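Subject: Handover of a structure and findings

Dear colleague,

Please find below the structure that I am passing on to you. My account of what was found in it follows directly after.

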Amino acid sequence: MSDYEEFGRDMSAEPPSQPPHASQSTPPSRVRAGRLWAGGIGTAVVMALLVVVAILLVRGVLGIPVLAPAREGAYGTANTTTYALGAAGIALLATGLLHLMLEFMPSPLTFFHWIAALATAAAVILPFTVTAERSAQIATAAINLIAGVCLISVLGSVAPSIVRRPL
């Protein structure tokens with residue numbers, strides 16, 4: 001046999017299972033979106049409940065009139081519900097931001113933690129920019145701080161479990 005005939009002898013006669021261009025297609029998402037959003041919804045529920053519990057503590061136990069006059073009772077007014085739903089909405093927005101960052105950014109958790117920490121800092125400062133009793137300002141700032149730490153820790157701990165590892 002000639003060298004030419006030996007060259008193709010070890011090659012399979014069957015066509016490849018995938019066409020050569022298949023490896024150039026867009027790789028599947030590395031984020032398990034369902035798990036991420038389930039964690040985001042869980043975080044939203046935790047944030048809403050945290051705000052309600054904190055307001056009950058501040059208004060009912062400490063007697064500090066946050067979001068409504070003291071005569072409105074421990075829960076206050078509809079502002080308490082709005083505050084709780086706003087915290088849940090912020091958790092969902094943060095989940096969306098985290099999803100985008102996990103898909104497209106290098107070191108997404110580093111950026112997420114910094115963005116969330118700076119947003120929390122702004123939320124802590126905000127009560128001091130409005131006219132209210134100093135005790136109400138401090139209590140609102142403390143609630144915002146606790147809510148921000150909750151958001152960062154819960155969503156930050158969910159993220160590593162939803163990223164697919166490369167094969």
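Helices and strands are here taken as DSSP runs, numbered from the N terminus, with at least four residues for a helix and at least two for a strand. In those terms, the order of elements along the sequence is α-α-α-α-α. The secondary structure therefore comes to five helices and zero strands under that definition. Please bear in mind that this is a predicted model.

Overall picture

The protein has 167 residues, of which 32% are buried. Among contacts with a separation of 6 or more, 66% join residues 24 or more positions apart. The protein exposes about 10700 Å², and carbon and sulfur atoms supply 69% of that area.

Helix α4

Most of my notes concern helix α4, which runs over residues 108–125. What span should its 18 residues have at 1.5 Å a residue, and how far apart are its end C-alpha atoms? The expected span is 26 Å, and the end C-alpha atoms are 26 Å apart, so the two values agree.

The buried residues of α4 are P108, F112, A116 and T120. They lie on the same side of the helix, because they cover an arc of only 90 degrees around its axis. The cover over these buried residues includes α3 (78–104) and α5 (134–162). On the face of α4 turned away from the buried side are the exposed residues W114, L118 and I125.

T120 may serve as an example from the buried side. This residue of helix α4 has a relative accessible area of 9%, and so it counts as buried, the limit being under 20%. Beyond its neighbours within four places in sequence, T120 is in contact with N144, L145, G148 and I152.

The nonpolar patch

Which residues make the nonpolar surface patch of about 560 Å²? They are L97, L100, F104, M105, F111 and I115. Both α3 and α4 give two or more residues to this patch, and α3 gives the most, with three residues. F104, one of the patch residues, is found in helix α3. Is F104 buried or exposed? Its relative accessibility is 64%, and because exposed means over 50%, F104 counts as exposed.

Two loop residues

S107 has its place in the loop between α3 and α4. Its phi is near 45 degrees, a positive value in a residue other than glycine. Most residues other than glycine have a negative phi. S107 has a relative accessible area of 47% and is partly exposed.

L67 is in the loop between α2 (33–61) and α3. With a relative accessible area of 33%, L67 is also partly exposed. Where sequence neighbours within four places are left aside, L67 is in contact with I55, T77, N79, T80 and Y83. Of these partners, N79 is 12 residues from L67 in sequence, while their C-alpha atoms are 6.2 Å apart in space.

When you open the model, I would suggest beginning with α4, with its buried residues P108, F112, A116 and T120 and its opposite face carrying W114, L118 and I125. The patch formed by L97, L100, F104, M105, F111 and I115 could then follow.

With kind regards

Methods: Residues numbered from 1 in each chain as written. Predicted model: local features only at pLDDT ≥ 70, side-chain atom pairs only at ≥ 80, totals over all residues. Heavy atoms only, no water. Expected span 1.5 Å × (residues − 1). Buried < 20%, exposed > 50% of the residue type's maximum accessible area, 1.4 Å probe, protein only. Arc of directions from axis to C-beta. Contact = heavy atoms within 4.5 Å. Patch = residues over 30% accessible without salt bridge, like charges linked within 9 Å, V, L, I, M, F, W, Y side chains within 5 Å. Areas by Shrake-Rupley, 256 points an atom, 1.4 Å probe, with all protein chains shown as cover. Salt bridge = Lys/Arg side-chain N within 4 Å of Asp/Glu carboxyl O.
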